[in-house]
Amino acid sequence: MSINRAVLALGAVAVVGVGTVGFSIQHASSQGKPVPSIQVVSGSTWKQIAPASASCYAGGKALTKAQQTTCAAAITAQLTKGNIPTLQVNASGTYSIDVGKDVAGKTWFARSSGSAPVSPIKREYAGPLAVSTLMVTDTTTGTTPTSAPVLVVAGTGATNAPIYGEWLFEVAIKS
């Protein structure tokens, strides 16, 4: 009698397992392609950064002019409101950017006000990048910033070249 119960229990587990796998596959396929994030690292601190807005990534296709305009507005809003994912770093430290295969395949670069920490490349990883190159002293006021936004762009950066995505983050010196 106990063998029959074990067989019945095993059969029930198999039916539930098949149903769960079937639902999981159906659910996963309905979710669409994942949006690539970039990763920024400084020492043991790691952050994953999503595109600046939904209009800043189009599934690996070139952004339309309308998407670029909407994306630029979202980036400006993030900069204005200070709503930017932030990587905390040491003043004399370094940071690195990892973009993943989808982005690296399109060529990418990173820029910040007054500097271009990463020139157009087709590698997934750039670093270590010196924090000091971002914190440039303002010659007018003599002040040195303690944070700097960095924009990562999937594309070559050439005039009229397609843009495939944009991610914004900030490097801030630990206090």
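Thr-107 sits in the loop between helix 3 (100–104) and strand 5 (108–112), where helices and strands are DSSP runs numbered from the N terminus (H or I over at least four residues for a helix, E over at least two for a strand). Its relative accessibility is 9%, so Thr-107 counts as buried, a term that stands for under 20% relative accessible area, with exposed meaning over 50% and partly exposed lying in between (1.4 Å probe, protein chains only). Leaving aside neighbours within four places in sequence, Thr-107 is in contact with Pro-120, Ile-121 and Lys-122, and also with Val-153, Ala-154, Gly-155 and Thr-156; contact here means heavy atoms within 4.5 Å. Ile-163 is 56 residues from Thr-107 in sequence, and the two C-alpha atoms are 9.8 Å apart in space.

The model is a predicted one, in which local features need pLDDT of at least 70 and side-chain atom pairs count only at pLDDT 80 or more, whereas totals for chains, interfaces and linings use all residues. Residues are numbered from 1 along each chain as its sequence is written, and side-chain values use heavy atoms, with hydrogens and water left out. The mean pLDDT of the protein chain is 84, and 80% of its residues reach 70 or more, pLDDT being the predictor's confidence in each residue on a scale from 0 to 100. Over residues 13–21, however, the pLDDT is below 50, and this stretch has zero contacts in the model beyond near neighbours in sequence.

Taken as a whole, the protein chain has three helices and nine strands, which follow one another along the sequence in the pattern α-β-β-α-β-β-α-β-β-β-β-β. Of its 175 residues, 35% count as buried. Among contacts between residues at least 6 apart in sequence, 60% join residues at least 24 apart. The chain exposes about 10,300 Å², of which carbon and sulfur atoms supply 60%; the accessible areas come from the Shrake-Rupley method with a 1.4 Å probe, and for residues only the protein chains shown count as cover.

The strand that follows Thr-107, strand 5, belongs to an open sheet of five strands in the order 3-9-8-5-6, with mixed pairing; two strands pair if DSSP finds at least two bridges between them. Strand 3 (86–89) and strand 6 (115–121) are the edge strands of this sheet, each pairing on one side only. On average, neighbouring strands in the sheet are turned by 20° against each other, direction ignored.

Within this sheet, strand 5 and strand 8 run antiparallel and are joined by four bridges, and Phe-109 has Val-153 as its bridge partner in strand 8. On the way to strand 9, Val-153 stands opposite Glu-166, and Leu-151 has Leu-168 as its bridge partner in strand 9. Strand 8 (residues 147–154) and strand 9 (residues 165–173) also run antiparallel, with eight bridges between them. Six of the eight residues of strand 8 are buried, so this strand is largely enclosed by the rest of the structure. Helix 2 lies across strand 8 and strand 9, and runs at about 15° to strand 9; axes are lines fitted to C-alpha atoms, for helices over the stretch in contact, and angles run from 0 to 180 degrees between N-to-C directions.

Helix 2 also takes part in a disulfide. A disulfide is a covalent bond between the sulfur atoms of two cysteines, and it is assigned here to a pair of cysteine sulfur atoms within 2.5 Å. By this rule the count comes to one disulfide, which joins Cys-56 to Cys-71 with an S to S distance of 1.9 Å. The pair links distant parts of the chain, 15 residues apart, with Cys-56 in the loop between strand 2 (45–49) and helix 2 (65–81) and Cys-71 in helix 2. The torsion about the S-S bond is about 105°, so the disulfide is right-handed. Cys-56 counts as buried at 0% relative accessibility, and Cys-71 is buried with a relative accessible area of 0%.

Another open sheet has four strands in the order 2-1-4-7, with antiparallel pairing. Strand 2 and strand 7 (125–130) stand at its edges with a single partner strand each, so one side of each is left without a neighbour in the sheet. The twist averages 20° from one strand to the next. Strand 4 (residues 94–98) and strand 7 run antiparallel, joined by four bridges, and Tyr-95 has Leu-129 as its bridge partner in strand 7.
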